[in-house]
Amino acid sequence: MLKGKKILEMRIPEIMAPAGDFPSLSAALRARADSVYFGIRGANMRAGAKNFRICDMKRIVETAGETGAKAYLTLNTAYFDSDFPRLRQICRSAARAGVSAVIAWDLGAVETAKDCGLEVFLSTQASCSNARSIASYFKNYAIRRFVLARECTLGDIKKIRRELRAILGDKAASQIEFEVFAHGAMCVSESGRCFMSQFLCGKSANRGECTQPCRREYFLSSSYGAPPDLKISPRCVMSPKDLCVLPFLEKIFSVGVDALKIEGRNRNPEYVWTTVSSYVRARDFYFENFNAEGFEGDFEELKKDLLASLGKVFNRGFSGGFYMGRPMGDWTSKGNCASEKKAIVGRVLKYYPKAGAADISVEACGFSRGDLLQVEGDKTGFVRFKVESLRGAAGNDVENARKGETVGILVPERLRAGDRIYRFSHSS
């Protein structure tokens, strides 16, 4: 651990959260994210996410602003000439909505965003992994934040900082910010630039449409008829484990990064809430308590607890990525290793504001007093709570709610008719 004066020279990084829809946006902000990044339908690298419409940007910016968070728009795909009329429309709307910055790498997209008065962060798709490349973008396009190539080690990041000072001078180099991935899916291809999905399925990963053929199991067949076909199981040989830097988070802090990015715009709200809140807690504890007696032991215990929480939501097992060198043993996974499973319960029928209660239609899986429930809705956002009071249709106290029943429960805040209700339990 670094102590004293050295720690004061570190940058306290923002925690940057994914938002694939309004419930996930709500989850990120409830988890105290410093910023959120989102995409517009048909114009970002997560075409499979629900994403947002152009007209949603004002609401996104205002909602994030209520907690002091910034909102970043992803424009990080490859673009064809036919895309630019809509791209200009998106950029103009983003500027009017007050989006803090856009994330792009296609130089046509960079210039379009700049022409609309938007700040640009250079996407990891540009594979920036050296100081000369960064200095060139800084001088020629006035780009100040760089999402470094995922293949950079901690040593690489420190060297890039040092080389930038030599190339640009201390004053200019100090204006450059580094954003790095901290948690989430890794890609088997260099900085995610892959042609496998396009070749096999006609859907380009570089246009946000990846069908993830690398995540599947495969059979090996012999052209000679022997040995018999072999199924590569239980591991998917091209599906890497998920990145997780929590075990060595202090080392990430020590190289001077400005933002820790959590991948996951295709993931659900509980994943967003769990990952963001875990990294926020770890960062805040570190910078608030580094000089306290017994800090090192306390921080290790906190990381251990938070790592267990991260294991509850979707993950393919965890890897340190390239930060400590080449992750030679981490390029195969067993699929989802989450220790908790999520099941649909039903939906909200009616909310009673004076009573702080709601009627729930139990349409799929039942639940009991003491269970953890989660509510998701475009207007409600993301709400989690334990069931403390449960009433049957006759108004009597009950312990269980069964499929086909309508029950009343106390809820912590306003819900809306049609909101979806989920239950969580330990995965066997």
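Strand S13 (residues 340–352) and strand S21 (residues 420–426) pair in the antiparallel sense, with seven bridges between them. Strands here are DSSP E runs of at least two residues, helices are H or I runs of at least four, both numbered from the N terminus, and two strands count as paired if DSSP finds at least two bridges between them. Keep in mind that this is a predicted model: local features need pLDDT of at least 70, side-chain atom pairs count only at pLDDT 80 or more, and totals for chains, interfaces and linings use all residues. Residues are numbered from 1 along each chain as its sequence is written, and side-chain values use heavy atoms, with hydrogens and water left out.

**The antiparallel sheet**
- Across the S13–S21 pairing, Gly 346 sits opposite Ile 421 of S21.
- Both strands belong to an open sheet of seven, ordered S17-S16-S21-S13-S14-S20-S18, with antiparallel pairing.
- Strand S17 (381–386) and strand S18 (390–391) are at the edges with a single partner strand each, so one side of each has no neighbour in the sheet.

**Helices on that sheet**
- Helix H2 (residues 22–30) lies across strand S16 (372–377), S17 and S21, at about 60° to S17.
- Helix H11 (residues 269–289) packs on the sheet too, touching S13, S16, S17 and S21, and its direction makes about 75° with that of S17.
- Those angles are taken between N-to-C directions, from 0 to 180 degrees, using lines fitted to C-alpha atoms (for helices, over the stretch in contact).

**The parallel strands around S4**
- Strand S4 (residues 101–104) points Ala 101 and Ile 103 one way and Val 102 and Ala 104 the other, and all are buried (under 20% relative accessible area, 1.4 Å probe, protein chains only).
- S4 pairs in parallel with strand S3 (residues 70–74) over three bridges, and Ile 103 is the bridge partner of Thr 74.
- S4 also runs parallel to strand S5 (residues 120–122), again joined by three bridges, with Val 102 opposite Val 120.
- Helix H4 (residues 84–97) makes a right-handed β-α-β unit with S3 and S4, and helix H5 (residues 107–115) makes a right-handed one with S4 and S5.
- Right-handed means that, with the strands pointing away from you, the path from the first strand over the helix to the second runs clockwise.

**Nonpolar cores**
- The largest nonpolar core (buried Ala, Val, Leu, Ile, Met, Phe, Trp, Tyr and Cys joined through side-chain atoms within 4.5 Å) has 96 residues, with Phe 38, Met 57 and Tyr 279 among those with the most contacts inside it.
- H11 supplies the largest share of this core, eight residues.
- A second, separate core of 20 residues includes Val 362, Phe 367, Val 383 and Ile 409.

Definitions and conventions: Buried means under 20% relative accessible area, exposed over 50%, partly exposed in between (1.4 Å probe, protein chains only). Contact means heavy atoms within 4.5 Å.
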